[in-house]
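Biologist: I am new to reading protein models, and I would like a close look at one part of this one. Please start with a pair of charged side chains and work outwards from there.

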Amino acid sequence: MSINKLTQKQLSLLPNLEEIEQFREKGWYISKPIFSEFEIEQALIGVKRHYEGERDNLLPKKVNLTYNSSNNFRYDSLIVQQNHQIASLTKNSLIGNIASLLMASRELRLFFSAIAQKTPQKDDKHRFNVGWHTDKAYY
C-alpha cells in the first residue's frame with residue numbers, strides 16, 4: 001500500500017523528518033501505537049496457540065528453532081511463517097510504510113522472525129538480560 005492510500009489517522013502515525021533522521025543516526029525508532037486492542041488480543045491468542053504447539057504452517061524440522069532455558073526464557077524463530085495471527089501483524093500496511101520511510105527504500109523483505117519470552121524473576125539468582133545481537137549465522 002502506498003502512503004497516498006493511508007487514512008489521515010494512519011498518516012499521523014508515520015515518523016516525521018526529525019524521527020527519520022534520529023533513526024538514521026541511532027539505528028532505532030519507537031513508533032506511536034499502531035495496533036488496535038483487537039489486533040493485540042489476536043496476536044496474543046496466536047502466541048498462546050504457538051506455545052501450546054499449534055502451527056498453521058509446518059516448517060522443516062531443521063529450521064524450526066525453539067529454545068527453552070531453565071531460567072524462564074523461551075525463544076522461537078520463524079514464528080511469522082508458522083502462525084497466521086502473528087503474520088497478520090507483519091502485513092499491516094502501516095508497518096511497511098514506516099519501515100519504507102525509515103530505510104528510504106521502496107522494497108522491503110522479511111528476512112527473519114522470532115519471539116522471545118522472558119518471565120519476570122523475583123530473585124537475582126535467576127535474572128539475566130536478553131541480548132538482541134548474535135554472532136552466529138542465521139542459517
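Modeller: Glu 54 and Arg 49 form a salt bridge, with their closest N and O atoms 3.0 Å apart. The term stands for a side-chain nitrogen of Lys or Arg within 4 Å of a carboxyl oxygen of Asp or Glu. Side chains of opposite charge can pair in this way when their charged atoms come close. Arg 49 counts as buried, at 17% relative accessibility, while Glu 54 counts as partly exposed, at 37%. Here buried means under 20% relative accessible area, exposed means over 50%, and partly exposed is in between (1.4 Å probe, protein chains only). Salt bridges with shared partners join Arg 49, Glu 54 and Asp 56 into one network.

Before going on, please keep in mind that this is a predicted model, where local features need pLDDT of at least 70, side-chain atom pairs count only at pLDDT 80 or more, and totals for chains, interfaces and linings use all residues. Residues are numbered from 1 along each chain as its sequence is written, and side-chain values use heavy atoms, leaving out hydrogens and water.

Now to the helix that holds Arg 49. Helix α3 covers residues 37–51, which is 15 residues. Helices (H or I, at least four residues) and strands (E, at least two) are DSSP runs, numbered from the N terminus. From first C-alpha to last, α3 reaches 21 Å, close to the 21 Å expected at 1.5 Å a residue; the expected span is 1.5 Å times one less than the number of residues.

Arg 49 has company: the buried residues of α3 are Ala 43, Gly 46, Val 47, Arg 49 and His 50. They lie on the same side of α3, because they cover an arc of only 160 degrees around the axis. That arc is taken from the directions from the helix axis to the C-beta atoms. An α-helix has 3.6 residues a turn, so residues three or four places apart point the same way. On the other side of α3, the exposed residues are Glu 37, Phe 38, Leu 44 and Lys 48.

What does the buried side of α3 pack against? Its partners are β2 (73–77), α4 (79–82), α5 (84–90) and β3 (114–118), where a contact means heavy atoms within 4.5 Å. In strand β2 you can find Ser 77, which is buried with a relative accessible area of 0%. Ser 77 is 36 residues from Ser 113 in sequence, and their C-alpha atoms are 5.8 Å apart. Just after α3, Gly 53 takes a positive phi of about 100 degrees.

On the N-terminal side of α3, another salt bridge links Lys 32 and Glu 19 (3.6 Å, N to O). Lys 32 sits in the loop between α2 and α3 and Glu 19 in helix α2, so this pair ties together parts 13 residues apart in sequence. Glu 19 is one of the buried residues of α2 (residues 17–26), along with Ile 20 and Phe 23. Lys 32, by contrast, is partly exposed, with a relative accessible area of 30%.

For the wider setting, the protein has 6 helices and 3 strands, and the structure holds 5 salt bridges.
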